[in-house]
Amino acid sequence: MPDSTLIVVESPAKAKSIQKMLGAGYEVRASKGHVADLPERELGVDIRADFTPQYEVKKDKQPVVNELKRAARGKRVLIATDPDREGEAIGWHVARLLGLDPQTPLRVEFHEITPKVVRAAVQNPRPIDLSLVDAQQARRVLDRLVGYQLSPVLSMEFRRRALSAGRVQSVALRLLVEREQEIEAFVPQEYWSIEGLFESENQQFKAMLYSVGQERVQSGEKFLITTEQQAQDIVQQAKALQNYRISSIERRERRRNAPPPFITSTLQQAASSQLGWTASRTMRVAQKLYEGVDLPEGTVGLITYMRTDSTRVSQEALAEVREFIPNHFGPAYLPEKPNFFASKKAANAQEAHEAIRPTSTQRTPDALRKHLSEEEYKLYKLIWQRFVASQMTPAIFDQTTVNIGGQDLVFRAVGSVLKFDGYLRVYGREEGDDAENQLPPLQENALARLLEVTPEQHFTEPPPRYTDASLVKTLEEMGIGRPSTYAPTIDTLERRGYLERAGKSLKPTPLGREVTGYLVKSFPDVVAYDFTAQLESRLDEIEEGKAAWPKVVREFYEPFLKDFAKVPQKLCPKCGRPMELKVSRFGQFLGCTGYPECKHTERLELKKEPEPLGEACPACQVGQLVRRHGRYGSFISCSRYPECKYTRDEAPSTGIECPKCHAGEVVQKTSKRGKPYFRCNSPACDFLSFDPLLPDKCPLCGWNEVAKGRSGKRACSNPGCERYGGPDLKTLGQRGSKSSAKTTRKAKGKAKSNTKSGATWADLEPLISKVGLTSEQAEVARRTQGQQKQVAAVAKALNQPEEAVLKLFRQAMFKLRMEYGKARKEAETVGA
């Protein structure tokens, strides 16, 4: 048997942690995620051969694979990728590429990164679970079949680059769009509430009108008092009554049970509502806590694996937390028996997983605070508190309901007092909990006097927009997606421009709404809730060995093909063949499927024609101002461009006066990388901010405050203020200087090269009429003056595709340089 063992994990951070725990005799290396996948620019699935996938090593992972092969020579190999479907598939690919038999005991799982668990796991390897691999393979193949064929259709339909569709992301987007449509269609309904202030036996208390006659004031979405006149009539009726009596008092004990420990979806929901985090941020920080943190005792993972849908807790963890609770909070907080919670999928194979919990309850958040970053501390504290609370006794409330009757009117007061805090001792009140409402001691059948009665107008509100938390919760309830898909799904929708954030809320963009409308109409199965949820169930059956994965793929792919066949194709205007989306080094474009016989191409993104504004150009007084649409948004220019080069920015205004010059207005711009920034629209002012400005003024200097990131933390926009929250402008300036110097050196190098060859524009321009350039080539050559960097601007001015103008430029410059070289050689010969 080999003397040393190679262990392959996914993450370099995890590799570092495990290496320290195992020490000599073990070498731990990271695959850095997936090492093999379907090819990037091909379908990679043989539909006729039972959907056989054609895997290849990812280009950026070839060095990783080569290194793993070298490291595996002469060693025992264990594969310890993440303990889920995706990790099992990654492990299978690693075994395949290293020439290992996946049926031999080489697979180990680390549900927590602690020395005890890691050492035990490496002593008990198992074969790779091919059912898990098949389930992941089915998901990947089906996603490729749908995405590879549907995404180009979207790009062609909307003439936009980088559009995509997918099983989970398209359904999630549909939820956002339909909620937005509900909000827009919502008609507010007016209703009124009436509050009375009563006195009984020298004790005052408030009560709300509960019923009039036999009718409730509010029953679900139905309201009894809907106009001011009705409210005033009842107010007068209440005031006219002299005798009110406490008709009933009901006292009962209400128990609120401890919540279960976190699973992936509930962790994301709690972090969103309590910390204001996105799902992806939550998972990023949780990954760090799982992979290991350096503590005085050594490197150790602080939480168990964070992608799980199981609430199961190991017996060792239960024993530890049940010992911890009475020692720190008292015996009254420990239930007689451990609390157990039902999982959503009790029969699922993932029940082998545990809930998300601290690897040791003894590592309290406060004890670890100095070893953690602020965000690591916040999330660890949330997970630790939830787990400890899950094994504590219920919170007990005394609830009192008092009815006060007067002829046809009944008022009701409800009081709730915390009698025993139970698990709330650790977890605290949750969002939405009201403060205690304690009623005074009252006697049944005692008289009550109405001191004051107050009507209040209300309007029903539309359903709220989804947040990260509520969207994840809805997807989970509908059975759509898996623990590992929620965060990347929301990220993808945001990255594609399908949604935008408004505080914590997720709002679909116009593009997102258009794409959803098209998918609902043309591909109803792709965005059908039941269809997508049913697929998740079938994937579970594959995982459990109850279904063959090619059969499941066929069940869902064939309905998609029927929808796909109905989509009208865009035909080539020259030969009538279908057009298709193609990719070149200049990006995506439409090309004829008859290539090379037919070479017709079209720009993917159609250029918008200039829009006249009906204003004279202030520079030349001859042309008219038009709105043009460029790469980074719209701008205003003269219709005589390039003869007249007047331009001005057209950026959305923030409505805030520039805090620096007080003459201009702060507008929102977009950088080349698509990031928003804010600057003054006055040409004479250089005010700049990378954070949105607020109307509120800084108390120290009087400049406007800014909102920092998603946290909304406030800072000052003045670089000279103590509260300044922007970047170091001096450092940025130094970077700019270095960049300028580098550019200058490059320019000098080019100039030197040009001097050596002697081919300057002054030399080339006279040759235009001699070399037989076409009119288009000559036009491009003159406009660019021999500089390729001007091609983009010239293409824009000529309203031509950049690829076409670049081709004309290269043809013209080749002919001109050849002619120049020939003339120079002849001159040297004559001189000799």
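## Glu42 and its charged surroundings

Let's start in a loop: Glu42 sits between strand S3 (36-37) and strand S4 (45-46). The model you are looking at is a predicted one. With a relative accessibility of 49%, Glu42 counts as partly exposed, because the exposed class begins only over 50%.

Glu42 also belongs to a patch of negative charge on the surface, where Glu40, Glu56 and Asp60 join it.

## Strand S22 and its two neighbours

Further along the chain we come to strand S22, which covers residues 587-592. Five of its six residues are buried, so S22 is largely enclosed by the rest of the structure.

Which strands pair with S22 in the antiparallel sense? One is strand S21 (residues 579-584), paired with S22 over six bridges, and another is strand S23 (residues 601-603), paired with S22 over three bridges. A hairpin of two linking residues takes the chain from S21 to S22. If you would like to find these pairings on screen, look for Ser584, whose bridge partner in S22 is Gly587. For the pairing with S23, look for Gly591, which stands opposite Thr601.

As general background, the strands of a sheet pair through backbone hydrogen bonds, in either a parallel or an antiparallel way.

## A four-stranded open sheet

Next comes an open sheet built from four strands in the order S28-S29-S30-S31, with antiparallel pairing. Which strands stand at its edges? They are strand S28 (653-657) and strand S31 (688-689), and each has a single partner strand, so one side of each is left without a neighbour in the sheet.

The partner of S31 is worth a look too: strand S30 (residues 676-680) runs antiparallel to S31, and two bridges join them. Phe678 is a handy place to see this, as its bridge partner in S31 is Ser689.

## Ala707, a buried residue

Our last stop is strand S33 (residues 704-708), where Ala707 is found. Is Ala707 buried or exposed? Its relative accessible area is 15%, so Ala707 is buried, since the cut-off for that class is under 20%.

How far apart are Ala707 and Gln385 in space? From C-alpha to C-alpha the distance is 30 Å, while in sequence Ala707 and Gln385 are 322 residues apart.

Key. Residues numbered from 1 in each chain as written. Predicted model: local features only at pLDDT ≥ 70, side-chain atom pairs only at ≥ 80, totals over all residues. Heavy atoms only, no water. Patch = residues over 30% accessible without salt bridge, like charges linked within 9 Å, V, L, I, M, F, W, Y side chains within 5 Å. Areas by Shrake-Rupley, 256 points an atom, 1.4 Å probe, with all protein chains shown as cover. Salt bridge = Lys/Arg side-chain N within 4 Å of Asp/Glu carboxyl O. Lys, Arg positive; Asp, Glu negative; His and termini not counted. Charge placed at Lys NZ, Arg CZ, Asp CG, Glu CD. Buried < 20%, exposed > 50% of the residue type's maximum accessible area, 1.4 Å probe, protein only. Pairing = 2+ DSSP bridges.
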